[in-house]
Amino acid sequence: MASTSYFLLAVFLALVASQAIASDPSPLQDFCVADKDSPVKVNGFVCKDPMHVTADDFFKAAELDKPRNTKGKVGSNVTLINVMQLAGLNTLGISLARIDYAPLGENPPHTHPRATEILTVLEGTLYVGFVTSNPNNTLFAKVLNKGDVFVFPEGLIHFQFNPVHDKPAVALAALSSQNPGAITIANAVFGSKPPISDDVLAKAFQVEKGTIDWLQAQFWENNHN
Ligand SMILES: *[C@@H]1O[C@H](CO)[C@@H](O)[C@H](O)[C@H]1NC(C)=O
Ligand SMILES: *[C@@H]1O[C@H](CO)[C@@H](O)[C@H](O)[C@H]1NC(C)=O
């Protein structure tokens, strides 16, 4: 257990130390707790008056030790702690997620437009992978067991799948942005509002328009809270 804690600490220190080359801009002060009530629009949030900052601005009672409901269609549930949940993350270029997987559940192919992700398995087994950009589209994939670590490079399409039919899985992930963003590929393509023309998608996916219409009629549930 102690070695796991040290390991996680090392992961977070490494991410914090790499800020200068992370995608979020480096901070110009110790902290800049997000003032979400400010009418001023900037890239991120303006800083709350430091005189009014307290320890609670850097704290979130998130109960990340508690299992989440994974009864949804894809059988996974992402609990993300980004700047919206923890104002003290503003300008610090980092966020944290717990991901629960039902037996045979998955976190479907998605990308984080603003973050690299490093993930460790806390319980169970996960088949994970990412695909490189065009033209190669190479799949790098691996089966992870408890304690194993994998990294998903910024912006690339990736997934995690629990291949075990009778046991749930749990992962903890750190992301190199205060607001990594998530684009679930199927949801964005087939579940956009309003829908993308089926002429466009039939050609793109090389299927009949009826297949696209069927896909567009499905309920594309968001597994990211
Ligand atoms: C994720 O889990 C929480 C708490 O168990 C639940 O309120 C939420 O609806 C779940 N989300 C999905 C997409 O299943
Ligand atoms: C893509 O594939 C080509 C041909 O196999 C190879 O020469 C090139 O190094 C690959 N590029 C990357 C980024 O892997």
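**Accessibility, salt bridges and strand pairing**

Student: Why is Asp-65 called exposed?

Tutor: In this predicted model, the relative accessible area of Asp-65 is 59%; exposed requires over 50%, so the term applies.

Student: What makes the contact between Lys-66 and Asp-65 a salt bridge?

Tutor: Their side chains meet at 3.4 Å, N to O. The cut-off is within 4 Å, so the pair qualifies. Lys-66 has a relative accessible area of 38% and is therefore partly exposed.

Student: Why is Asp-57 called buried?

Tutor: Asp-57 has a relative accessible area of 12%, and buried means under 20%, so the condition is met. Its salt-bridge partner is Lys-48, with the closest N and O atoms 3.0 Å apart. Lys-48, at 25%, is partly exposed.

Student: How do you know that Glu-123 forms a salt bridge with Lys-146?

Tutor: The closest N and O atoms are 3.4 Å apart, and within 4 Å is required, so the criterion is satisfied. This pair links distant parts of the chain: Glu-123 lies in strand E4 (residues 117–123) and Lys-146 in the loop between E6 and strand E7 (149–152), 23 residues apart. At 55% relative accessibility, Lys-146 counts as exposed, whereas Glu-123, at 39%, counts as partly exposed.

Student: Why do strands E6 and E10 stand at the edges?

Tutor: The open sheet has the order E6-E5-E8-E3-E10, with antiparallel pairing. Strand E6 (139–145) and strand E10 (183–184) each have a single partner strand, so one side of each lacks a neighbour in the sheet.

Student: How do you know that E3 and E10 pair?

Tutor: Two bridges join them; at least two are required, so the strands count as paired. In E10, Ile-183 is the bridge partner of Thr-111.

Technical notes. Residues are numbered from 1 along each chain as its sequence is written. Chains are lettered from A and ligands numbered from 1 in the order in which they are written. This is a predicted model: local features need pLDDT of at least 70, side-chain atom pairs count only at pLDDT 80 or more; totals for chains, interfaces and linings use all residues. Side-chain values use heavy atoms; hydrogens and water are left out. Helices (H or I, at least four residues) and strands (E, at least two) are DSSP runs, numbered from the N terminus. Buried means under 20% relative accessible area, exposed over 50%, partly exposed in between (1.4 Å probe, protein chains only).
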